[in-house]
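User: I'm new to this, so please take a close look at one part for me: the place where the ligands sit. Keep it chatty, and explain the terms as you go.

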Amino acid sequence: MTYVQTITGLACGCDAADPSAGIVSIDEALDRIAAHVAPVSGTVRVGLAEARGRVLAEPVLALSDMPRFDHAAMDGYALRRSDLAGPGPWRLPVALRCAAGEAAVSPLPPGSAARIFTGAPLPAGADCVVMQEEIDGGPRQIVLHRRPAAHENIRFRAEERRQGGEIVAAGLPVSPRAIAAAAASGHAHLVVRRRLRVALLVSGSEVAAPGRQGLGAADIWDVNTPMLRAMLARPDIDLVAVETVPDSPGGIRAALERASRGADLVITTGGVSVGEEDHLRGAVRALDGREVFAGVAIKPGKPVAFGRLDRALWLGLPGNPQSAFVTWTLFGEAILGHLSGLAAPVGTRRHVVLAHPLHRKPGRCEIRAAALVGIDGHGRETADCGEAVHSGQVGALCASDGLVFLPADADHLPQGALVEFLPLRMT
Ligand SMILES: Nc1nc2c(c(=O)[nH]1)N[C@H]1C(S)=C(S)[C@@H](COP(=O)(O)OP(=O)(O)OC[C@H]3O[C@@H](n4cnc5c(N)ncnc54)[C@H](O)[C@@H]3O)O[C@H]1N2
Ligand code: MOO
């Protein structure tokens, strides 16, 4: 038996955000992103072989009827049902041969059958195809023991779509499935949104190139650059700049201005919190930029900020790598989704139940890595989310299937509690 529980409203509870502190809820932040981000206007025509991962800027319309002609769905014999008079068995001479790739040469003569192969056009007059396994005799005469159904084993012209009908909607990411549908409807090219130009600016005087040897006593290896590079390695993104800058107001301002020149979106990491060494928000203001939000009631990732520079959008991710990952997943992906005109720009959260009880400190809506571990007695997916770890740690993300959203005000969640779950891409 399947048990379905009705869900009212979002379980996250992060609407408990305090507007007086300028901090907004996750959904308010997503609404503000939706209100401020319009799709880029350029489109390009690309071959099917290069289209995967791009976003369709126009619907794919069938260039011809689909299928283009009536044809056989099985190897066998095409015949006219009205030729089967009285009780069976019936004998019919084989008058024609129809193979795939050959246009039907002549109509089916009355009182006869046509040898036909899968995919071959149906000769005029035939109204069913009987599989050869059900036929005795041949090749010159066949014996039929069962009266076939009308239209048996025929695929009719235009039964999937008429010429001009929509086969794939605009705003969908081009998947191998969409490529198959486009090819089936006669296309060799697709019109997709131009690539999004993204610049990545990683701030922090302590940050050293991945794997660098001979680190200073207070240096750390850069996690955010390789992590975000990997997340941005997508066919619809042109990563126009990647830069690491130390924590100096002038250096950060100059780097931000440089990055914003050729980009639709500038992503920064670090320096968005409140300390004197946090220069990003000041640099945005100094460049006459505008903040759309600064601070979300979320853990990890509270200082995340979003705004607009002169020419580009700006997303300021916190420096802690786990915070950067979570806020990129929630807000960065949504910004890209809106920029590229995706029909569903925001990842869909579904509901799962906790496999184990959990105690936590209430306050902000908490996001934890979780692994899907099974199905409970009511048919609901169960998720195992580990202990809370601090936001510098990324190891727990590796074995997870997604992120769960723990309600802001809950200090105890029993086994079986319903929570929101956002699946993560596995690669
Ligand atoms: N007084 C307050 N302090 C802090 C608050 C606050 O509300 N009041 N918020 C805390 C929270 S929450 C977070 S998250 C961090 C975010 O701060 P920043 O965005 O300014 O990030 P940084 O200070 O630059 O770095 C934080 C942390 O992450 C390490 N880091 C930075 N970049 C990288 C990188 N590329 N790879 C690996 N690790 C990186 C950095 O060394 C710091 O340890 O602020 C809290 N403070
Ligand atoms: O938001 Mo911070 O990421 O909680 O450490």
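Analyst: Here is a walk around the ligands, followed by a few words on the rest of the protein.

First, some ground rules. This is a predicted model, where local features need pLDDT of at least 70 and side-chain atom pairs count only at pLDDT 80 or more, while totals for chains, interfaces and linings use all residues. Residues are numbered from 1 along each chain as its sequence is written, chains are lettered from A and ligands numbered from 1 in the order in which they are written, and side-chain values use heavy atoms, leaving out hydrogens and water.

Let's start with ligand 1. It has 22 residues around it, and the closest are Glu206, Asp222, Val223, Asp278 and Gly319. (A residue is near a molecule if one of its heavy atoms lies within 4 Å of it.) Sorted by class, that shell holds ten nonpolar, eight polar and four charged residues. Here, Asp, Glu, Lys and Arg count as charged, Ala, Val, Leu, Ile, Met, Phe, Trp, Tyr, Cys and Pro as nonpolar, and the others, Gly among them, as polar. Strand S13 (196-203), strand S15 (220-221) and helix H6 (321-339) each chip in at least two residues of the shell. (Helices, H or I with at least four residues, and strands, E with at least two, are DSSP runs numbered from the N terminus.)

Now for polar contacts, which are pairs of N or O atoms within 3.5 Å. Asp222 uses a polar side-chain atom, 2.8 Å from a nitrogen atom of ligand 1. Gly271 and Gly319 use their backbones instead: an N or O atom of Gly271 is 3.1 Å from an oxygen atom of ligand 1, and one of Gly319 is 3.0 Å from an oxygen atom of ligand 1. On its own, ligand 1 has 870 Å² of accessible area, and the protein covers 69% of that (Shrake-Rupley method, 1.4 Å probe).

Next, ligand 2. Around it you'll find Pro300, Gly301, Lys302, Pro303, Asn320, Ser323, Arg364 and Ser391, which by class makes two nonpolar, four polar and two charged residues. Ser323 puts a polar side-chain atom 2.2 Å from an oxygen atom of ligand 2, and Ser391 does likewise at 2.4 Å. From Gly301 a polar backbone atom lies 2.4 Å from an oxygen atom of ligand 2. Pro300 has a quirk, too: a cis peptide bond joins Lys299 to it, with omega about 5°. You can spot Pro300 in the loop between strand S19 (298-299) and strand S20 (305-308).

So where are the ligands? Ligand 1 sits in the second largest pocket, and the second largest pocket is also the space taken by ligand 2. A pocket is an open set of points on a 1 Å grid over the protein atoms alone, where a 1.4 Å probe fits, with protein on both sides within 12 Å along at least five of seven lines. A molecule sits in a pocket if more than half of its atoms lie within 2 Å of its grid points.

Finally, zoom out. The protein has seven helices and 28 strands. Its radius of gyration is 30 Å, well over the 22 Å that the globule rule gives for 427 residues, so the protein is more spread out than a compact globule. (The radius is taken over C-alpha atoms, and the rule is 2.2 Å times the number of residues to the power 0.38.)

Notes:
Polar contact = N/O pair within 3.5 Å; in protein donor to acceptor, adjacent residues only side chain to side chain. 1 Å grid on protein atoms, 1.4 Å probe; cavity = no way out; pocket = protein on both sides within 12 Å on 5 of 7 lines; lining within 4 Å.
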